[in-house]
Structure formats: structure tokens, C-alpha cells
Amino acid sequence: MSLMAEPSASGRFGEFGGRFVPETLVPACQELEAAFVEAWADPSFRAELDDVLRTYAGRPSILTECTQLGAKLGLRLVLKREDLNHTGSHKINNVLGQALLAKRMGKKRLVAETGAGQHGVASATAAALLGMECKVYMGAVDVERQALNVFRMKLLGSEVEAVHSGSRTLKDAVNEAMRDWVATVETSHYCLGSVMGPHPYPWMVREFHRVIGQEARAQSIEMFGDVPDVVVACVGGGSNAIGIFSGFVDDRSRLVGVEPAGGAAVSRAQPGVVHGMRSYLMQDEYGQVQEAHSISAGLDYPGVGPEHSYLSSIGRAEYPNVTDAEVIKAFQLLARTEGIIPALESAHALAWIVRAAPELQGQTVMMNLSGRGDKDVAQMMDVLAL
Ligand SMILES: *Cc1c(COP(=O)(O)O)cnc(C)c1O
């Protein structure tokens with residue numbers, strides 16, 4: 001049986017996951033679970049999703065071998081180019097899946113949370129494509145930091161609400177989005193942006209990102225005649241990582257999920273409950289959830305998807321972390337040696353590869369390039385004196 005079989009009926013991956021939500025949210029989660037189970041078993045739903053991924057999102061994404069950087073590091077480095085998807089990252093895979101499911105359920109409105117704005121933009125895009133309404137909750141601090149993405153969402157016809165509670169960042173936006181969902185569940189679907197939250201989200205979002213791993217495995221066999229020795233991805237909530245890991249979890253490939261040093265939930269290995277799930281999360285000595293801090297807003301999440309906690313606990317995947325300084329170097333390195341500007345999130349994965357290169361000599365390394373760096377260029381102008 002695959003290590004990534006379905007979770008238990010209660011949505012558990014080992015001791016992680018579950019559905020820790022108020023009574024009022026239970027029926028909504030149950031309705032969503034039933035609808036997803038039914039749709040995912042229906043070939044016509046799969047065909048509809050495949051079609052929109054191909055003709056709108058631009059799948060399949062290609063593999064690019066980095067011959068110059070690989071030679072420099074002493075290994076064979078290939079990138080899975082999720083940065084080439086429409087809207088610039090892997091996020092569109094999940095959002096199109098959920099939006100089509102919502103439509104099938106008869107919902108007319110999407111609710112979403114966003115931190116840096118990337119998931120909000122993807123949700124607004126899917127809503128525009130499918131003729132749905134969309135409201136995005138975003139911490140007031142992030143609204144200020146990410147003015148360009150706020151404008152993008154509005155341009156796409158979505159409403160953006162600044163959240164002023166708590167620390168006014170992503171974790172507060174998730175709480176507000178859940179509150180909206182409870183109040184409007186007849187007409188609305190909560191389009192959650194990563195493999196986190198209450199069951200069925202971690203499982204459902206993984207299934208929507210499985211396409212990354214399926215393509216990557218077939219492409220790897222074609223390119224190397226084998227699976228890669230190492231598969232590397234950055235981890236915020238963990239959706240792009242779980243997507244590519246899913247293709248190799250039952251193979252011999254070493255799986256590496258790279259967290260920011262300021263948001264290293266897995267390596268601390270302290271389980272807790274947040275946003276409806278039990279998982280490893282950053283908390284202080286009193287069990288209060290701590291703020292994550294990273295140069296990339298997309299990885300500023302104090303928790304991690306429960307399946308990553310599980311894969312770590314059984315030793316199937318490893319979760320090192322890298323510093324902002326290493327990330328900035330990796331960001332420049334890929335731009336200069338290969339002509340590809342990575343998202344700062346994705347640069348975390350490369351930063352680990354650079355650090356680990358001495359022990360990876362001669363190996364084949366596949367990195368998920370989860371997104372493009374256009375969105376980060378203005379921020380890096382303040383950091384790099386070129
Ligand atoms: C949002 C985002 C991430 C982090 O989310 P995961 O769920 O951990 O994948 C990583 N890379 C990019 C480019 C993103 O936009």
C-alpha cells in the first residue's frame with residue numbers, strides 16, 4: 001500500500017491531522033468531504049479538471065536541467081517548472097480543483113485567506129474564470145505590504161477585506177475566512193490555500209497537487225531512466241512539497257522539505273492544534289502559537305500540514321531549515337547561472353541544495369521550482385545593491 005494512501009476516516013495521518021473545529025463547522029466539513037469523495041471518483045470531474053489544467057493553467061509543466069549550476073555544484077540538478085503555470089506558481093492546481101468542486105456543489109461564491117497575496121490572486125483568477133464571486137481575507141499588515149497583489153485581486157473582480165484582529169497577518173485571515181464560511185455555507189465554499197486545516201482539506205489539497213508528482217516521476221524516468229536520488233521542495237503549509245513528494249514517496253528517492261529558519265515548525269517537533277488540525281507548530285512555553293518570520297511572506301506560517309508532521313515522525317522525509325541570508329544568495333545564484341528568477345519561497349529549496357552539495361556529489365537532484373520571482377523583485381531591490 002502507498003505511504004500516501006487516504007488518511008483514516010477521521011482524517012488522521014498517524015497522530016496528526018483530524019478535524020478540530022467548532023460544532024458549527026462540522027456539517028460544512030462533512031458536506032465538503034462527501035462532495036470531494038464523490039467528485040474525485042467521477043471520471044467526468046477528473047476530465048474537466050485535466051482539461052482546464054491543460055488549456056488554462058498551462059500543464060504539464062516542463063523539467064529544466066540546470067547544466068551550468070549543476071556542474072558548479074557537482075551534481076545533476078533539474079527543476080520542475082511550476083513557476084511557468086498561469087499566475088506564476090503551483091497554487092493554481094489546487095484553486096482550480098476547489099473552484100470546480102464548489103461549482104459542482106452549487107456554490108456561487110469563494111471565500112479565501114491569503115498571506116502574501118498569491119493564493120488570493122489564484123482564487124480571484126479561478127472565480128473570474130468560472131463566473132463566481134470571491135472574497136479574500138488578508139491581514140491588515142499584509143494588505144499594506146502587498147499592495148500590488150491587493151490591486152490584482154480587485155482587478156480580477158474580487159473583494160479584499162483587511163483583517164484587523166490579532167497580529168493582523170495570515171493566521172488571523174484564516175480565522176476570519178472560516179467565520180465567513182460558517183455564516184454563508186449555503187452559498188459559499190472556503191477555498192483553503194495549502195495542505196492544512198481540518199479534514200478533508202489536507203487530503204483534498206494534496207490530491208489536487210498530485211499532478212506535480214505524477215508528471216515529475218514520468219519526466220524523470222524519461223530524462224534519467226530512473227527516479228531522482230533526491231527530491232527537494234520548500235515548505236510553508238507544505239502543498240507544493242506534498243505535490244512533488246507524492247510522485248516519489250513509494251520510491252527510493254530521498255525527500256527533503258526546506259523550511260525557513262524563522263518558521264521551522266517541523267524541526268521543533270512540538271505538536272499542537274491550530275486551524276482545525278493537529279500538527280507540529282511553533283509555540284512558546286505556554287503553548288501559544290508564535291509568529292513566523294521569513295524573508296518570503298509565502299512561508300510565514302507557524303504550522304505545517306499534518307502529513308508533513310507524519311512523514312517526519314516516521315522518518316520518510318526530512319525537514320532542514322535555511323536562513324534568509326542563504327536564501328538571498330540562492331535567489332541571485334539561479335538568476336545569474338540559469339537565467340531563472342525564482343520566488344523567494346522556492347529559493348529556500350535551492351539554498352539547501354547549495355549547502356548540502358558536498359554530500360550530494362554526482363547525485364540527481366530534482367527541485368520543485370514552486371513559483372517565479374517577479375513578485376519579489378521590488379523587495380529585493382531594497383536588499384541587493386547591484
Ligand atoms: C504560497 C507559496 C509557497 C508556500 O506554500 P506551500 O503550501 O508550502 O507550497 C511556496 N512557493 C510559492 C511560490 C508560493 O506562492
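Biologist: How many cavities of 30 Å³ or more does the structure hold?
Modeller: Bear in mind that this is a predicted model. A cavity here is a space where a 1.4 Å probe fits but cannot get out. With the cut-off at 30 Å³, the count for this structure is one.

Biologist: How much space lies in the largest cavity, and which residues are closest to its centre?
Modeller: The space comes to about 410 Å³. There are 30 residues lining the largest cavity. Closest to the centre are Lys91, Gly193, Ser194, Gly237 and Gly298.

Biologist: Which elements each supply at least two residues of that cavity's lining?
Modeller: Let's look at domains before elements. Domain 1 (12–52 + 91–201) and domain 2 (58–89 + 210–381) each give at least three residues to the lining of the largest cavity. The elements you're after are strand 5 (109–114), helix 5 (118–130), helix 8 and helix 10 (239–245).

Biologist: How many residues in the lining of the largest cavity are polar?
Modeller: Let's go class by class. Nine are nonpolar and four are charged. The polar ones number 17.

Biologist: Which residues come nearest to the ligand?
Modeller: The ligand has 18 residues around it. To count, a residue needs a heavy atom within 4 Å. The ones that come nearest are Lys91, Ser194, Gly236, Gly238 and Ser239.

Biologist: What share of the ligand's exposed area does the protein bury?
Modeller: Start with the polar contacts of the ligand's oxygen atoms. There is 2.6 Å between a ligand oxygen and a side-chain N or O atom of serine 194, 2.7 Å to a polar backbone atom of glycine 236, and 2.8 Å to a side-chain N or O atom of asparagine 240. On its own the ligand exposes 380 Å², and the share of that buried by the protein is 97%.

Biologist: Now for the largest pocket: what is its volume, and which residues lie nearest its centre?
Modeller: The volume of the largest pocket is about 600 Å³. Its lining is made of 30 residues. Nearest the centre you'll find Ala116, Arg145, Gln146, Ala297 and Gln379.

Biologist: Which helix gives the largest share of that pocket's lining?
Modeller: Several elements give two or more residues to the lining of the largest pocket: helix 6 (140–145), helix 7 (147–155), helix 8 (170–184), helix 14 (344–356) and helix 15 (377–381). The largest share is four residues, and it belongs to helix 7.

Biologist: How many charged residues are in the lining of the largest pocket?
Modeller: Again, class by class. The lining of the largest pocket has eleven nonpolar residues and nine polar ones. The charged residues number ten.

Biologist: Which prolines are joined by a cis peptide bond to the residue before them?
Modeller: Most peptide bonds are trans, so cis ones are worth a look. One cis bond joins arginine 59 to a proline with omega about -5 degrees, in the loop between helix 2 (43–57) and strand 3 (63–65). Another follows histidine 199, with omega about 15 degrees, and its proline sits in the loop between strand 8 (188–190) and helix 9 (201–224). The two are proline 60 and proline 200.

Biologist: What is the phi of arginine 168?
Modeller: Most residues other than glycine have a negative phi. Arginine 168 lies in the loop between strand 7 (159–163) and helix 8. Its phi is positive, near 60 degrees.

Notes
Residues are numbered from 1 along each chain as its sequence is written. This is a predicted model: local features need pLDDT of at least 70, side-chain atom pairs count only at pLDDT 80 or more; totals for chains, interfaces and linings use all residues. Side-chain values use heavy atoms; hydrogens and water are left out. On a 1 Å grid over the protein atoms alone, a cavity is a set of points where a 1.4 Å probe fits but cannot get out, and a pocket is an open set with protein on both sides within 12 Å along at least five of seven lines; lining residues have an atom within 4 Å of a point. Grid points are joined across faces, edges and corners, and a volume is the space filled by probe spheres set on the points. Ala, Val, Leu, Ile, Met, Phe, Trp, Tyr, Cys and Pro count as nonpolar, Asp, Glu, Lys and Arg as charged, and the others, Gly among them, as polar. A polar contact is a pair of N or O atoms within 3.5 Å; within protein, one must be able to donate a hydrogen and the other to accept it, and residues adjacent in sequence count only if both atoms are side-chain atoms. Accessible areas come from the Shrake-Rupley method with a 1.4 Å probe; for residues, only the protein chains shown count as cover. Domain bounds come from an automatic or database domain assignment.
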